[in-house]
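Student: I should like to go through this model term by term. For each label, please set the value against its definition and then conclude.

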Amino acid sequence: MSIKQKKLILAIALLFAVNILIIALAQSAEASLYKRGSTGATVTEIQTRLKSWGYYTGAVDGIYGSRTESAVKYFQRTNGLTPDGQAGDKTLAALGIYEKSSVGSASDGDVYLLARLISAEARGEPYVGQVAVGAVVLNRIDHPSFPNSLSGVIYQKGAFTCIDDGQFNQPISDSAYRAAREALGGSDPTGGAIYYFNPATATSKWIWSRPQMLTIGSHIFCA
């Protein structure tokens, strides 16, 4: 076999490999977009979460039909996302659902969701106070009195006022992203707090009954 023939075979093999890679990447991208007609376990998880938070009233059957699409649009409008009815990366992250095949995606989704909460709840607070708010969210995941997932804690009914007053939908500050990463990395300036409140605006008498641990910025952190 001549050198010219060997080069031709090598070029064909390389082209084939590139095509395989492109197809694989395309399939991976498609796997993270769920829309009408999609089916499977992730669709079931989407329906379950939307139903538990009051966005969806249909059957949890793993079939992405018109009712699921409408519920996704409702969730997207409420949470400042493009209401296209399709569950792509941002919508999945807001729901707290991450593709299990990609650890990086899960990590990015956690940061995105926690940063939104920190930015809404602690905008204007010192940086350490923003980390502290993130730590409270994570401490709740491990506490038996709260849901055991990040999205479950954040979207728990009545848990955070920013979900109801629209602050959760505002742009995320850069410092909130940094604070989220630090909290997710294990930093906890509160030493294990599971509640916090602003004494200047708190209307609940119950929150004052919680054992107070420390004050950071405008927030008192409690056990």
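Student: What makes residues 100–106 a stretch to treat with caution?

Tutor: In this predicted model, pLDDT (the predictor's confidence in each residue, from 0 to 100) stays under 50 over residues 100–106. The model has 2 contacts beyond four places in sequence for that stretch, a contact being heavy atoms within 4.5 Å. Where pLDDT is low, the predicted coordinates should not be read in detail. Residues 21–31 also stay under 50, with 1 contact beyond four places in sequence.

Student: What are the mean pLDDT of the protein chain and the share of residues that reach 70 or more?

Tutor: The mean is 83, and 82% of the residues reach 70 or more. As this is a predicted model, local features need pLDDT of at least 70 and side-chain atom pairs 80 or more, whereas totals for chains, interfaces and linings use all residues. Residues are numbered from 1 along each chain as its sequence is written, and side-chain values use heavy atoms, with hydrogens and water left out.

Student: Why is Asn 79 called buried?

Tutor: Its relative accessible area is 2%, and buried means under 20%, exposed over 50%, and partly exposed in between (1.4 Å probe, protein chains only). Asn 79 is therefore buried. It lies in the loop between helix 3 (66–78) and helix 4 (89–95); helices (H or I, at least four residues) and strands (E, at least two) are DSSP runs, numbered from the N terminus.

Student: Which residue shares a polar contact with the side chain of Asn 79?

Tutor: The side chain of Tyr 55 does, at 3.5 Å. A polar contact is a pair of N or O atoms within 3.5 Å; within protein, one must be able to donate a hydrogen and the other to accept it, and residues adjacent in sequence count only if both atoms are side-chain atoms. Beyond four places in sequence, the contacts of Asn 79 include Arg 116 and Phe 168.

Student: Why does Gln 212 count as partly exposed?

Tutor: Its relative accessibility is 42%, so Gln 212 falls in the range between buried and exposed. This residue is in strand 2 (residues 212–216), and Phe 197 and Cys 222 are among its contacts beyond four places in sequence.

Student: How do you know that helix 6 is mostly covered?

Tutor: Of its 15 residues, 13 are buried. Helix 6 (residues 127–141) spans 22 Å from its first C-alpha to its last, close to the expected 21 Å, which is 1.5 Å times one less than its number of residues.
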